[in-house]
Amino acid sequence: MQWTTLAVTTAASSLAFATQYLSVEQAQHVMFPDATAFKDASLQLSTEQMRQVEKLSGLPARSVSWRVFAAYRGDMALGFVVLDDVIGKFELISYAVALNPDASVRQVEILTYRESHGFEIRSPAWRKQFAGKTAQAGLEIGEGIANISGATLSCTHVTDGVRRIAAIAQLVLKR
Amino acid sequence: MKRRAQPWLGTLVEITIADALGDAELVSCFGDAFASVAEVHRLMSFHDPASDVSRINQAEVGQSVEIHAHTCEVIRCALSMAAATRGIFDVSCAPKLVEWGYLPMLAGDLPEHVPGRCALVLQDGNRIRKTRAAWIDLGGIAKGYAVDLAIASLQRSGIQSACVNAGGDLRAFGDTAYAVAIRHPAYPNALALQTQLRDQALATSGTYFSRKCIDDRECSALVNGADGHAITASFSASIRAPTCMVADALTKLVMASADPRHPLLEQFGATALIM
């Protein structure tokens with residue numbers, strides 16, 4: 001049980017990296033394994049709908065446009081997958097929320113986790129380079145991809161995002 | 001290696017499975033492991049009024065509350081840690097965290113945190129009662145327990161090697177040595193150390209994400225239960241131990257004592273590193 005370290009760096013090495021857990025397609029199939037088709041059901045919220053989302057979720061509606069897929073097994077509607085991104089102090093998280101037809105949250109999966117310097121994360125130009133692209137593998141150390149150990153990084157922005165999406169689903173998607 | 005991550009316990013929980021398995025089998029193994037984490041989240045959330053923690057917090061003094069066996073197990077360990085660390089580890093510090101804005105205010109009056117005075121008594125049949133007004137928060141130990149449960153689930157599924165990481169508290173089992181990078185406490189966006197984890201748990205605590213100033217006083221989300229003060233040390237403490245729950249709890253001891261060779265560590269089969 002020794003602390004045999006591979007390297008102790010005195011000059012801090014940047015943790016700028018990206019880990020892709022699931023592509024959009026993989027996430028769809030993980031969350032709805034029985035689905036035979038995913039149809040684009042992307043939506044644009046009206047001003048009134050945005051106001052209702054804010055009232056229901058207690059959060060700003062934030063975006064007019066939302067990427068949504070409807071999951072089907074044959075003709076049977078299984079639910080929905082909604083995609084979203086949230087920005088933290090130095091992390092950018094892409095995630096997907098699976099919802100049942102009654103708008104209840106079924107599952108949440110992280111698609112990509114990206115860490116970089118705060119100034120990059122906040123820069124729309126920096127973020128734009130990732131739109132639609134597959135992330136490279138995560139931080140590689142030695143033979144493998146590293147796990148990070150540190151004080152807990154709070155993900156309330158993801159939890160808030162899920163709550164917002166649940167409200168949108170309740171108001172706009174629910175059958 | 002297959003990796004997936006879901007948000008639970010206020011952070012991201014990442015599971016890595018080394019075994020080469022088919023898609024359907026992976027979905028099942030990941031699903032069961034995340035489900036065990038989800039259960040800990042449901043039972044021990046400070047924010048969810050239906051959780052065991054909330055029901056304990058809202059209970060009257062002396063009222064016997066029935067809790068889940070998992071919650072019982074975690075509180076049993078917490079009480080043992082509190083005794084062993086002479087009150088440094090203390091799950092009844094929630095009123096301090098509420099006062100400093102790390103946890104939301106609950107209904108009722110803010111209880112007084114009394115250092116060194118245990119407020120909880122476990123009873124037969126998974127029951128618990130408070131001996132005085134108190135609010136508990138299991139944030140300093142529940143993540144570690146959730147990791148241990150997820151590991152047990154993966155082992156039950158027949159997985160040969162996997163690693164579970166709940167917001168920086170992790171545990172690995174099997175023949176693989178998992179590469180771990182530890183955040184630099186002064187530059188959390190950078191790594192200070194690279195190491196390997198094999199058949200062991202590793203937990204890290206530090207104040208760098210929670211430190212703030214209130215009324216000209218520094219505070220953090222790490223409370224020294226022995227005196228009720230915030231730990232504002234700028235170093236971080238990483239503990240290796242056989243289980244993640246123990247590693248998680250012991251980080252608080254090392255953060256408070258600043259002693260990486262504290263005699264208690266050996267008793268729990270743990271070693272520590274301060275950075």
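In the predicted model, B:Ile239 has B:Ala272 as its bridge partner in β16(B). This pair belongs to the ladder between strand β15 (residues 237-241) of chain B and β16(B), which pair in the antiparallel sense over four bridges. Both strands are part of an open sheet of seven strands in chain B, with the order β1-β2-β6-β7-β10-β15-β16 and antiparallel pairing. β1 and β16 (271-274) of chain B occupy the edges of this sheet; each has a single partner strand, so one side of each is left without a neighbour in the sheet. From one strand to the next, the twist averages 15°. Helix α5(B) lies across β2, β6 (162-166), β7 (169-173) and β10 (200-205) of chain B, and runs at about 25° to β7(B).

Chain B also contains an open sheet of three strands, in the order β3-β5-β4 and with antiparallel pairing. Here β3 (65-66) and β4 (120-123) stand at the edges, and each has a single partner strand, so one side of each lacks a neighbour in the sheet. β4(B) pairs with strand β5 (residues 127-130) of chain B in the antiparallel sense, over four bridges. Within β5(B), B:Arg127 stands opposite B:Gln123. Helix α3 (residues 69-84) of chain B lies across β4 and β5 of chain B, running at about 130° to β4(B).

Helix α3(B) also packs against α1(B), at an angle of about 75° and with the axes 10 Å apart. That angle falls within the range of 65 to 115 degrees, so α1(B) is roughly perpendicular to α3(B). The residues that make the contact are B:Glu39, B:Val40, B:Leu43 and B:Met44 of α1(B), together with B:His70, B:Thr71 and B:Val74 of α3(B). By class, four of the residues in this contact are nonpolar, two are polar and one is charged.

Helix α1 (residues 23-44) of chain B has 22 residues, which at 1.5 Å a residue should span 32 Å; its end C-alpha atoms are 31 Å apart, in agreement with that expectation. The buried residues of α1(B) are B:Cys29, B:Phe30, B:Ala33, B:Phe34, B:Ser36, B:Val37, B:Val40, B:His41, B:Leu43 and B:Met44. Among these, B:Val40, B:Leu43 and B:Met44 also take part in the contact with α3(B). The elements covering the buried residues of α1(B) include β1 (2-8), β2 (11-17), α2 (52-58), α3 and α5 (142-156) of chain B. Of these, β1 and β2 are strands of the seven-stranded sheet, whereas α5(B) lies across several of its strands, including β2.

Two loop residues of chain B have backbone angles of note. Most residues other than glycine have a negative phi. B:Arg86, although not a glycine, has a positive phi of about 55°. B:Arg86 is located in the loop between α3 and α4 (94-99) of chain B and counts as partly exposed, with 13 C-beta neighbours inside 10 Å. For B:Asp199, phi is near 50°, again a positive value in a residue other than glycine. B:Asp199 lies in the loop between β9 (190-197) and β10 of chain B and is partly exposed, with 15 other C-beta atoms within 10 Å.

Chain A comprises five helices and eleven strands. Of its 175 residues, 35% count as buried. Among contacts in chain A with a separation of 6 or more, 65% involve residues 24 or more positions apart. Strand β2 (residues 17-20) of chain A has a covered face, formed by A:Phe17 and A:Thr19, and an uncovered face, formed by A:Ala18 and A:Gln20. In a regular strand the side chains alternate between the two faces of the sheet. β2(A) pairs with β8(A) in the antiparallel sense over four bridges, and A:Thr19 has A:Tyr113 as its bridge partner in β8(A).

Between the chains, 39 residues of chain A are in contact with 43 residues of chain B. On the side of chain A that touches chain B, β1 (5-14), β8 (105-115), β11 (147-149) and α5 (156-173) each supply at least two residues. The largest share, eight residues, comes from β1(A). The residues of this side of chain A divide into 23 nonpolar, 14 polar and two charged. Strand pairing also links the two chains: β11(A) and strand β8 (residues 178-183) of chain B pair in the parallel sense over three bridges. In this pairing, A:Ile148 stands opposite B:Ala181 of β8(B).

Terms used. Residues numbered from 1 in each chain as written. Chains lettered and ligands numbered in written order. Predicted model: local features only at pLDDT ≥ 70, side-chain atom pairs only at ≥ 80, totals over all residues. Pairing = 2+ DSSP bridges. Contact = placed C-beta atoms within 7 Å. Axes fitted to C-alpha atoms, helices over the stretch in contact; angles between N-to-C directions. Nonpolar A, V, L, I, M, F, W, Y, C, P; charged D, E, K, R; others polar. Expected span 1.5 Å × (residues − 1). Buried ≥ 20, exposed ≤ 12 C-beta atoms within 10 Å, placed from the backbone. Parallel < 35°, antiparallel > 145°, perpendicular 65-115°, else oblique.
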